[in-house]
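Colleague: I am new to this structure, and I would like to go through it with you term by term. Could you show it to me?

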Amino acid sequence: MGGGSAPGRGGLISRRGVLRLGVAAAGGASVGLLSACSAGSGGGSGGGSLVFLSDQLSTTDESAAMRSQILSGFHSSSVNFTSFSDTTQFIDQVIAQSKAGAGTLDLIGGLQGDFVSLAAQIPLRDMSDVISELSDRHLPQEYLNLAKIKGAYRFVPWIQASYLMVANKKALAHLPSGADVNTLTYDQLLAWGQALKSATGQQLIGFPASPDGLIKRFFQGYAYPSFTGGLNTTFKSPAAVSMWQWFKQVWAVSNPQSPTYAFMQEPLLSGEVWVAWDHAVRLIDALKNQPGQFVVFPAPRGPKGLGYEPVLGGLAIPTTSKHVSQAKSLISYLTQQQTETTMLNAEAWFPPVGISALPSGLAPGVSAEAKAILAMTGASGAVASQLPIGLGAQSAAYDKVFIDTFTAIALNGASIPSTLESEASMLQSVLQSAGAACWKPDPPSTGVCTVE
């Protein structure tokens with residue numbers, strides 16, 4: 001998720017590698033590859049074929065569901081949908097077409113941070129006319145505020161999600177005295193893991209710590225904000241040292257296979273893990289397959305509050321699109337309640353209408369996630385953070401700082417203060433190279449965000 005890595009649910013091999021090679025080799029000339037390699041969807045009478053590129057919904061299962069269950073209901077034209085799992089590839093493709101002044105892209109779907117990165121390099125179409133036409137969608141003002149970049153709406157809010165906790169109901173018997181999963185603290189989570197190990201002899205907490213897992217977001221959007229109240233500006237602070245000391249303890253009662261987990265739904269279903277944190281999309285299969293076996297609840301809170309990271313995706317029409325009216329129609333279709341319900345049940349991405357306004361008749365597990373997200377976002381002392389913003393080509397390098405810090409401290413037993421000191425220098429270098437200002441939960445900065 002530069003904006004972000006795609007939080008896909010499946011683990012199957014797709015054609016992404018082939019697509020990436022084509023884009024990397026051809027650069028701006030690769031625009032024909034998108035329409036050639038994308039599977040078409042939609043029926044279609046005479047409106048021409050729309051090319052829809054995204055950096056979300058990129059696994060084989062997700063892309064197939066997008067084409068067969070969601071885009072198949074759009075009848076104004078056929079739609080060629082392609083998704084890159086790599087945000088940098090997505091951004092590079094959009095920029096290449098814009099700078100060439102021509103291309104085949106008609107609609108792009110990315111995360112809020114993607115659009116910030118794009119706006120820093122190329123002109124983005126003002127989407128105010130589309131948002132005005134969709135006034136009956138009742139998009140929350142908080143999401144519209146995020147869609148406004150450089151004084152205008154640059155995307156239409158489309159999908160949203162967050163990260164949650166899930167526990168096997170067998171684990172509830174071992175909760176610390178007085179603890180409630182809905183108001184859990186990080187200290188109580190640690191005590192819970194220790195109690196589980198004492199009672200079962202097994203380490204039953206789990207984190208998605210494989211190279212394809214999203215543990216980086218746990219540190220960026222949850223642990224750092226909850227313990228320090230910030231992120232980059234508090235990276236090596238005394239509060240950050242305390243956070244890493246806590247994590248070393250919880251890691252000691254976490255499943256030793258955690259470095260191999262990409263999607264926590266799998267070890268939850270197998271029973272290897274009883275308590276897990278992950279993206280809602282990467283937990284949903286466990287909840288759909290065994291809805292009576294698990295409980296879903298908000299992330300814990302720390303000394304500075306309940307840190308959490310909402311994820312907002314949007315739709316935009318490139319300035320080079322040759323099918324603007326059809327692209328507008330597709331946006332309208334994708335934001336209709338019926339389509340959003342299909343998206344929610346098929347992909348576990350929530351519509352950006354506020355969790356309390358969700359439709360009825362949701363698939364098992366989806367409503368449980370919705371309630372947990374609502375409890376988290378509405379909690380007193382909630383500290384909302386944004387996905388990394390404005391990093392552009394430095395997105396991977398930024399995430400690597402947090403992975404390297406985790407590897408050194410948790411896996412290799414390195415000194416916490418010295419590790420944070422050395423990695424802080426690398427973090428500052430990454431932010432400097434990107435020219436990135438601070439983002440929430442850090443306070444706004446004038447110029448490049450300063451690591452402290």
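Modeller: Strand S8 (residues 163–168) pairs with S11 in the antiparallel sense, over four bridges. This is a predicted model, where local features need pLDDT of at least 70 and side-chain atom pairs count only at pLDDT 80 or more, while totals for chains, interfaces and linings use all residues. Residues are numbered from 1 along each chain as its sequence is written, and side-chain values use heavy atoms, with hydrogens and water left out.

Colleague: What makes S8 and S11 a pair?

Modeller: Two strands (DSSP runs of E, at least two residues, numbered from the N terminus, as are helices, which are runs of H or I with at least four residues) pair if DSSP finds at least two bridges between them. S8 and S11 have four bridges, and therefore they count as paired. One bridge partner of Ala167 in S11 is Val295.

Colleague: Which way do the residues of S11 point, and are they buried or exposed?

Modeller: Phe294 and Val296 point one way from S11 (residues 294–297), Val295 and Phe297 point the other way, and all are buried, that is, under 20% relative accessible area with a 1.4 Å probe and protein chains only, where exposed would be over 50% and partly exposed in between.

Colleague: How do you know that the span of helix H10 is close to what is expected?

Modeller: The expected span is 1.5 Å times one less than the number of residues. H10 (residues 238–251) has 14 residues and reaches 20 Å from its first C-alpha to its last, close to the expected 20 Å. Among its buried residues are Trp244, Phe247 and Trp251, and what covers the buried residues of H10 includes helix H8 (186–200) and helix H17 (416–434).

Colleague: Why is the space lined by Trp158 and Ile159 called a cavity?

Modeller: On a 1 Å grid over the protein atoms alone, a cavity is a set of points where a 1.4 Å probe fits but cannot get out, and lining residues have an atom within 4 Å of a point. The second largest cavity holds about 40 Å³ of space, a volume being the space filled by probe spheres set on grid points joined across faces, edges and corners. Its lining includes Trp158, Ile159, Glu340 and Trp349.

Colleague: How do the residues of that lining, in the second largest cavity, divide?

Modeller: They divide into seven nonpolar, no polar and one charged, where Ala, Val, Leu, Ile, Met, Phe, Trp, Tyr, Cys and Pro count as nonpolar, Asp, Glu, Lys and Arg as charged, and the others, Gly among them, as polar.

Key
Contact means heavy atoms within 4.5 Å. On a 1 Å grid over the protein atoms alone, a cavity is a set of points where a 1.4 Å probe fits but cannot get out, and a pocket is an open set with protein on both sides within 12 Å along at least five of seven lines; lining residues have an atom within 4 Å of a point.
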